[in-house]
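The exercises below are meant to be worked through with the sequence and the three-dimensional view side by side. Try each task before reading its solution.

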Amino acid sequence: MEDIKFVFIFTEGECSEPAFLGELESYLRRQSPVTEVRSKVEVVRFPLGGNQGYNVNAIDSSAGAMINGLKEELEINGDISYCEKWIICDYDEMNRYGTDVKNFREAMHLRGYEVVISKPNFEFFVLACLITEQEAAKVRPCDYLVRINEEIDAINRKNAIDFGFTDAMQIPHYSHNGHKSKHQAQQFFGMLFEYEGKNVMPNIHNLASDLKKDKYTQIQSVVKLYEDIFIAS
């Protein structure tokens, strides 16, 4: 394990974000043979569950406990070297807790974390994957779920007409309710990448990440991280 570099990605959500990252990794692995970088990097995803209320110390403590649990599982003595730590957050949840985004970002940076924020939330990113960032920015947050599933219905109809896809091959509707089904989230992103990866990935690459805008997402920086690890240069 001494030559392995660990990348830890902590997510506020327990369902959508981990499912997206897991299916992104699977998609990228299918695009490329094993690389030297991939063989030396272990990406580990940890859902935080959103119970820390954006208290920096509480988040860092929870993250540290998860890393220590992994060390025990892998029988690693001492500190894990060459570690990167990322945390993915939703602006609307931070706002709900009265968290100052700039102060939070700076405090987490001091603790060694790269902070990735979607404003207002991860669903804006999902919608921007399906259409464009410019078009997604015109949609009201309360309409994200409906618009996402309208786009999924359009994809399913097209696949049924053009390729004869059966009902069993349809991408399920998106839901941000983690209690509904983590499996459904995995199925959603897995089938989305399988059927629409050639369209979704360019939309992700074109995201601007302009923090001055009312709506933005930085998830593409994590996608770039995954591409650097899992795709041969």
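**Exercise 1.** Does M108 count as buried or exposed, and at what relative accessibility? Find also the helix that holds M108 and the residues that M108 touches.

*Solution.* Keep in mind throughout that this is a predicted model. Begin with the position: M108 is found in helix α5, which covers residues 101-110. Next take the accessibility, which is 0% for M108, and compare it with the cut-off of under 20%, so that M108 counts as buried. Then list the contacts, which, leaving out residues up to four places away in sequence, are V56, I59, I87, Y113 and V115. As a last step, compare M108 with C142: the two are 34 residues apart in sequence, and their C-alpha atoms are 29 Å apart in space.

**Exercise 2.** Describe how α10 packs against α1 and against α9, and sort the residues of each contact by class.

*Solution.* Start with α1 (residues 16-31) and α10 (residues 219-230), whose axes lie 10 Å apart at an angle of about 35°, and note that the crossing is right-handed. On the α1 side the contact is made by F20, L21, L24, E25, L28 and R29, while α10 brings I219, V222, V223, Y226, E227 and F230. Sorted by class, this contact of α1 with α10 has 9 nonpolar residues, no polar ones and 3 charged ones.

Now turn to α9 and α10, whose axes come within 9 Å and cross at roughly 115°, this time in a left-handed crossing. Here M201, I204 and H205 from α9 meet Q220, V223 and E227 from α10. The classes in the contact of α9 with α10 are 3 nonpolar, 2 polar and 1 charged. Reading the two lists together shows that V223 and E227 of α10 appear in the contact with α1 and also in the contact with α9.

**Exercise 3.** Which residues line the second largest cavity, and which helix gives the largest share of the lining?

*Solution.* First establish the count, which is 2 cavities of 30 Å³ or more, and then the volume, since the second largest cavity holds about 30 Å³ of space. The lining of this second largest cavity consists of F20, V126, C129, F189, L192, F193 and V200. Next assign the lining to helices: α6 (122-130) and α9 (182-205) each supply at least two residues, and α9 gives the largest share, with 4 residues. Finally sort by class, which yields 7 nonpolar residues, no polar ones and no charged ones.

**Exercise 4.** Where is Q184 found, and is Q184 buried or exposed?

*Solution.* The position comes first, and Q184 is found in helix α9. The relative accessible area of Q184 is 18%, which falls under the cut-off of 20%, and therefore Q184 is buried. Beyond residues up to four places away in sequence, Q184 touches P172, H173 and S175.

**Exercise 5.** Which two residues are joined by a cis peptide bond, and what is the phi of S209?

*Solution.* Recall first that most peptide bonds are trans and that most residues other than glycine have a negative phi. The cis bond joins K119 and P120, with omega about 10°, and P120 is found in the loop between β4 (113-119) and α6. For S209, phi is near 55°, a positive value in a residue other than glycine. S209 is found in the loop between α9 and β5 (216-217), and at 26% relative accessibility S209 counts as partly exposed.

Methods:
Residues numbered from 1 in each chain as written. Predicted model: local features only at pLDDT ≥ 70, side-chain atom pairs only at ≥ 80, totals over all residues. Heavy atoms only, no water. 1 Å grid on protein atoms, 1.4 Å probe; cavity = no way out; pocket = protein on both sides within 12 Å on 5 of 7 lines; lining within 4 Å. Points joined across faces, edges and corners; volume = space filled by probe spheres on them. Nonpolar A, V, L, I, M, F, W, Y, C, P; charged D, E, K, R; others polar. Axes fitted to C-alpha atoms, helices over the stretch in contact; angles between N-to-C directions. Left-handed = near helix turned anticlockwise from the far one by under 90°. Contact = heavy atoms within 4.5 Å. Buried < 20%, exposed > 50% of the residue type's maximum accessible area, 1.4 Å probe, protein only.
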